[in-house]
Amino acid sequence: MSEARPSLLLDVRGVKKRYGTHEVLTGASLEVPRASVVTVLGRSGTGKSVFLKCLAGIERPDEGVIAFDGTPLDADLPSARAEFRRRCSFLFQSNALFDSLTALENVVLPLEQTTALSSSVVRQRSLEALQQLELDSFADKYPSQLSGGMQKRLALARAIVTRPELVLFDEPTAGLDPLRRNAVFAMIVKYQRQFGFTAVIVTHDVAEVLVISDHVALLDSGTMRFAGSPAAFSTSTDPVVCDFRDSTAALHKAVDALRTGQNPSLTES
Amino acid sequence: MVRKLGSLTLSLIRGTGDFALFTLTAFRSAFSTRRLLHRVFRAMFEQGVRCLPVILIVGMFTGLVLGLQGYHVLNRFGSESLLGALVSLSLVRELGPVLAALMLVGQAGSALAAELGIQRNSEQIAALETMGVSTHGYLVTPRLLGALLIFPMQTALFVSVGLWGGWLSGSMMLGLEPGVYWSSVERAVEPDDVQECFTKAAVFGLLTVALCCYYGFNAHRCTSATGARAVSASTTRAVVLSCITVLAADYVITSFLL
């Protein structure tokens, strides 16, 4: 592995992950600078969520090195993994809220279980987190009593209440309409600026991430096909990047061709 | 055939070892889990309240049937006065701990396995892992400790209600003198019998709750199904194996204590 760069909070090198005979990640690498928003794009089934779960430690990579703040997260070094978990939060696609706990109890849980703070401080910090995400009047509601957007905000409140340095977002806008999608991205950027954490977002939403991201990576066939700035992504001539970036233009072409009676190929390239 | 048998034996050994490690990890986590006492009390409340009505009803009917059957059998030999001994020893030594354990499995154990299975399915357990929360300590340890504490109490309640059931059918319905019934109970039950009853209760409570937690917690490892079906398959397996384990453990403990 190359020498650790202090500007990087997370340095991922050659991560491989296989399920049976199916190799999902074939050597994915990613550099995540501190206090930045890094987005990982990719088609469905290319292993974006697996990659993120490898970063979070939910899945164990078969090969490769993941270094957090210069320290490799080795399975033989549980202290490094514990330190990583203390400083990192994960926002699940499904939110993974505890349905038998109220909104406040959901936010209290990580503080209560992982810190030695007194009950009053835990409660105060949890209420603050709810207030910051405009959920303080719903503190006693259960997740099932909240709307989809509020559940997302509650999951974010739970993720930031421990004041993490790194927050991993797994498809935070999956299944949301365009307005809510924009609202969630705006919320992520707002709180990323407010709290100064580093964000790694996995998503499909190209147009939005080009606006909010500092760095963009494209995962294809288990490796990072592209990694660079949003401007570089917008001008890249790589055919896979072009396909992904210009997917709306391709749809326009296909529909126009159908209207003129031609038979265009609509299959994925 | 030999290969299949060998593979089955290996998987049984592996499964037993995995279950033992799971239970040991849960107990070890007791030392590092915060606010454990609060969660133990909650588990005791959940397991106790869930099972209380069924414990009372089944205990009463068991005592009623024992009193009824026992009276008619003993009547043939002119020994109705021993009815209290028959009911009490049957309940204290065997039926109390075993039936109460089976009720615990059906009522609290199945709910426990399903709850943990759903939490696994909806990534709630993965969320705890990413937060750095001890999943065993938070989800399993309080339930195991709760079962260890509450289950002997439930068994005692089952036996007490059963004794009153025996009195109802023997004395109130069939005319045996109540004083004869209760003095026979008092003479028959020795401290060793009570100790055996509580030992069995603690072991059964621990085994059943540990098995239900194990299968619910590992619902994602179910090879025969995925998603909701995996939860259902894990719950069924937890209930069936717990019932078998209770009966097998009963035989083992009885053969050691007798």
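Reader: Where is Ala183(A) found?
Author: Ala183(A) lies in helix 6 of chain A. A helix here is a DSSP run of H or I with at least four residues, a strand is a run of E with at least two, and both are numbered from the N terminus. This is a predicted model, where local features need pLDDT of at least 70 and side-chain atom pairs count only at pLDDT 80 or more, while totals for chains, interfaces and linings use all residues. Residues are numbered from 1 along each chain as its sequence is written, and chains are lettered from A and ligands numbered from 1 in the order in which they are written.

Reader: Why is Ala183(A) called partly exposed?
Author: Count the neighbours: Ala183(A) has 16 other C-beta atoms within 10 Å. A residue is buried with 20 or more other C-beta atoms within 10 Å of its own, exposed with 12 or fewer, and partly exposed in between; the C-beta atoms are placed from the backbone. The value 16 falls in between, so Ala183(A) is partly exposed.

Reader: What makes Gly106(B) partly exposed?
Author: Gly106(B) has 17 C-beta neighbours inside 10 Å, so it takes the in-between class. Gly106(B) sits in helix 3 (residues 83–121) of chain B.

Reader: How do you know that the reach of helix 6 of chain A is close to the one expected?
Author: The expected span is 1.5 Å times one less than the number of residues. Helix 6 (residues 178–195) of chain A has 18 residues. Its first and last C-alpha atoms are 26 Å apart, close to the expected 26 Å.

Reader: Why are the buried residues of helix 6 of chain A said to line one face?
Author: The buried residues are Val184(A), Phe185(A), Ile188(A), Tyr191(A) and Gln192(A). Down the helix axis they fall within an arc of 135 degrees, so they line one face. The arc is taken over the directions from the helix axis to the C-beta atoms. On the other side, Pro178(A), Leu179(A), Lys190(A), Arg193(A) and Gln194(A) are exposed.

Reader: What do the buried residues of helix 6 of chain A pack against?
Author: Their partners in chain A include strand 3 (37–41), helix 5 (148–160) and strand 7 (166–170). Contact means that the C-beta atoms of two residues, placed from the backbone, lie within 7 Å.

Reader: How many residues of chain A are in contact with chain B?
Author: 14 residues of chain A are in contact with 13 residues of chain B. Helix 3 of chain A gives the most to its side, with 4 residues. By class, that side has 8 nonpolar, 3 polar and 3 charged residues. Ala, Val, Leu, Ile, Met, Phe, Trp, Tyr, Cys and Pro count as nonpolar, Asp, Glu, Lys and Arg as charged, and the others, Gly among them, as polar.

Reader: What is the angle between helix 5 and helix 6 of chain B?
Author: The axes of helix 5 (residues 135–173) and helix 6 (residues 178–188) of chain B come within 10 Å and cross at roughly 145 degrees. Axes are lines fitted to C-alpha atoms, for helices over the stretch in contact, and angles run from 0 to 180 degrees between N-to-C directions. Leu163(B), Trp167(B), Gly170(B) and Ser171(B) in helix 5 of chain B meet Pro178(B), Tyr181(B) and Val185(B) in helix 6 of chain B. The contact divides into 5 nonpolar, 2 polar and no charged residues.

Reader: How many helices and strands does chain B have?
Author: Chain B has 8 helices and 0 strands. Buried residues make up 47% of its 258 residues.
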